[in-house]
Amino acid sequence: MAGSEVLDRLYEVILDRINTRREGSYTAMLYERGKPYIAQKVGEEASEVIVAALAEGRERFISEVADLLYHLLVLMAVNNVRPEEVYEELRRRMRP
């Protein structure tokens, strides 16, 4: 599965967890705590990525980047922003 496919699939799983509010789901818990809490988690994860990049090993850095991407996808879902919209913005920025 290509990288964007993984992100797209994870986004769909996140939407499902939000819509079904599956008991025990971390995603559902984040959603119930609200947008400010999710945004705070994104900030925390971004800080952890920085620390891992500067002072921890490669595996830890990869793990923290994955955590950040997940929390960003949750925040995107709450804001009704689909990954394709972000991909399009990135493509637009790559044009000469």
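The following paragraphs describe the fold, surface and nonpolar core of a predicted protein model. Residues are numbered from 1 along each chain as its sequence is written, and side-chain values use heavy atoms, with hydrogens and water left out. Local features need pLDDT of at least 70 and side-chain atom pairs count only at pLDDT 80 or more, whereas totals for chains, interfaces and linings use all residues.

The protein chain contains five helices and zero strands, where helices (H or I, at least four residues) and strands (E, at least two) are DSSP runs numbered from the N terminus. The C-alpha trace spans about 35 × 35 × 30 Å along its principal axes. Among contacts (heavy atoms within 4.5 Å) with a separation of 6 or more, 56% are accounted for by residues 24 or more positions apart.

Of the 96 residues in the protein chain, 28% are buried, that is, under 20% relative accessible area with a 1.4 Å probe, protein chains only. The largest nonpolar core, a set of buried Ala, Val, Leu, Ile, Met, Phe, Trp, Tyr and Cys residues joined through side-chain atoms within 4.5 Å, holds 16 residues, of which Tyr11, Ile14, Leu30, Val74 and Ala77 touch the most other members. Two or more residues of this core come from each of α1 (3–20), α3 (35–55) and α4 (58–78), and α4 gives the most, with seven residues. When residues up to four places away in sequence are not counted, Ile14 touches Thr27, Tyr70, Leu73, Val74 and Ala77.

Technical notes: Buried means under 20% relative accessible area, exposed over 50%, partly exposed in between (1.4 Å probe, protein chains only).
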